[in-house]
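Please open the structure in your viewer and keep the selection panel at hand. The stops below go from one chain outward to its partner.

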Protein chains: 2
Amino acid sequence: MSGIHNATLEEIGKALFNAKSVILFPHENPDGDAIGSCVALCSALRKQGVDCWALVEEKIPDQIAFIDEGSEKCCTKDPDCIAEPEICAYIDCYGESRIPGREEIFRRGQKHFCIDHHITDSCGEDMYYIDPDESSTTLIIYKLLKASGVEIDRRMANSIYTGLCTDTGNFQYTNTTQEAHRIATELFALGVDHDDIMVRLNQSVDPRQTMLESAAMANMEIICDGKVAMACVSRKLVDECGALMEHADHLINLLRDMKGVEIAIVFKEKAPEITKASFRSKTYADVSAVAAQFGGGGHERASGCTIFEDMETAKARVVEAVKGAVRQ
Amino acid sequence: MSGIHNATLEEIGKALFNAKSVILFPHENPDGDAIGSCVALCSALRKQGVDCWALVEEKIPDQIAFIDEGSEKCCTKDPDCIAEPEICAYIDCYGESRIPGREEIFRRGQKHFCIDHHITDSCGEDMYYIDPDESSTTLIIYKLLKASGVEIDRRMANSIYTGLCTDTGNFQYTNTTQEAHRIATELFALGVDHDDIMVRLNQSVDPRQTMLESAAMANMEIICDGKVAMACVSRKLVDECGALMEHADHLINLLRDMKGVEIAIVFKEKAPEITKASFRSKTYADVSAVAAQFGGGGHERASGCTIFEDMETAKARVVEAVKGAVRQ
């Protein structure tokens, strides 16, 4: 593995399953991988008699709330779910900046763990296992459970599969590996509710999101010989669609997924003089360099920045900056 | 297997690989599974010295044309590619109605084969293997190649993987099986060009399609307490978007994928008094029964019909018919 760890999954599993109480901390604005990892691990720990909760800060997004459905919830917003936790563990995140509002509770743990697949080059926790080569954190949890001799039940299998599907974009993204398919095969053998999960994940789009995306796409612009596609989301447009600004979060993929487009850009009007620009590239353009010109950052293929101008002015400035990035 | 066959894959493989010449016949308007199956099998047969071509009637759609890219093409429109074929084989289809314009050439074969995964209850060919439980026909081809001792090269692996991805909607549809993931694992081990295939399949949408979808979705209607979503595609709208009517083929999925929607309907204005209605349902509604009321047909979850009325009249009639189908 290319990541960092100071303990094996066997050792981390042993410590967790022998603990009296554990609080799991998924990253803020949790996604399917964060919640899936927490629910799978929490279910397994509870089955072995460990007092365990996953502590979240906000409401779990509608589309992934099903992961923690059922009679026995794993996720809670109650900071006092466990008064004196033995272990507090970052799950699918690392660092207090990823758990705002919950730092103080995290510090209450006697010991601190981290299980993650995001890129980082240091970790100061008591026990950590971080591997960016893993398709999802749920796959690490799967291995941890196997290494701990846990019998994986259907709820755990469903949670692990959901995290795998969300983080790989249903086996589409470049983080899809041979191992991802191999473990998917094993999860099917465990009776994963594939059809139901797919309907909930992929066929449960908020109609307001669809409305907002359609309206924004109807006014998209394609420039630079078709290599750059961009769309604007004004607050007026959001209101007209009866939507929320967050319903535009997926819009950038529609732009990038068009043939010939190398860079996709979405401008969001956060306030009259505050414009958020998001960038995606398809195969070669470095959009982190574009975002950096405006004080932003990110990766080569996904980046963002905030520009303190109105949307039209911000757009004009970004268009100039982006022209160089698509010249090959 | 729940399908029908009069020979094992070993036996069919033996007959094909020992033939002097073979023409493969994918279904009309070929998709990734039809072309992927043909290219994988054709490549393998040629490697063993068999004179082989896949005969197509029309241009292969842009999005899947990459399957047959490269120096040695497998697909041809030339009816005289092989003057006296020993074997003519339906691939991913069965019956002359699925190969219009090529029936006469099919009949030239001394022997006739069929390899397919579509539902049928009879087959009169010399050798046939039809299994609707298979996720894709490329998976049957994979098994045939393995049963025949063929060393599967990267081109074959890519073709098989592409067919599997297109027919399962990237491991999303209900035909996604444990075996689909298991064979995907094996294809990764064979060096499948996953990232490249994904960009070509999923990130190469014709901008005209995106334009037309956005324009149609911006005027969608949601009725029956959110259970029915519908959109109209007039010829005027198609023209305004500089698109073709076929660019609306994917639109119905956007409607169905919204939360709460059980039935999605797309109306296409084929001519001033000819309206095509397409139906999809999500979990329980039988849309084949709705289509049947207008002389159409299909499956429980996907159906269609042609109504000889203008679009508004057709819509009003369909709306009445569909109301009963979403009552639970």
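Which strands of chain A does helix 1 (residues 9-17) lie across? Select that helix in this predicted model, and you will find that helix 1 of chain A lies across strand 2 (21-26), strand 5 (87-91), strand 6 and strand 7, running at about 135° to strand 7.

Next, select the strands themselves. Chain A has an open sheet of 7 strands with mixed pairing, and following the order 1-7-6-5-2-3-4 will take you across the sheet. Its edge strands are strand 1 (4-5) and strand 4 (75-76) of chain A, each of which pairs on one side only. Now pick out strand 6 (residues 111-116) and strand 7 (residues 127-130) of chain A, which pair in the parallel sense over 4 bridges; within this pair, A:Cys114 has A:Tyr128, in strand 7, as its bridge partner.

Then colour chain A by domain, taking 4-202 as domain 1 and 207-326 as domain 2. The centres of these two domains of chain A, taken over C-alpha atoms, are separated by 31 Å.

Finally, bring chain B into view, where 35 residues are in contact with 35 residues of chain A. On the side of chain B that touches chain A, the elements that give two or more residues are helix 6 (178-189), helix 7 (194-202), helix 8 (207-218) and helix 10 (251-256) of chain B. Select helix 6 of chain B to see the largest share of that side, 7 residues. If you colour this side of chain B by residue class, it shows 14 nonpolar, 14 polar and 7 charged residues.

Technical notes. Residues are numbered from 1 along each chain as its sequence is written. Chains are lettered from A and ligands numbered from 1 in the order in which they are written. This is a predicted model: local features need pLDDT of at least 70, side-chain atom pairs count only at pLDDT 80 or more; totals for chains, interfaces and linings use all residues. Two strands pair if DSSP finds at least two bridges between them. Two residues are in contact if their C-beta atoms, placed from the backbone, lie within 7 Å. Axes are lines fitted to C-alpha atoms, for helices over the stretch in contact, and angles run from 0 to 180 degrees between N-to-C directions. Domain bounds come from an automatic or database domain assignment. Ala, Val, Leu, Ile, Met, Phe, Trp, Tyr, Cys and Pro count as nonpolar, Asp, Glu, Lys and Arg as charged, and the others, Gly among them, as polar.
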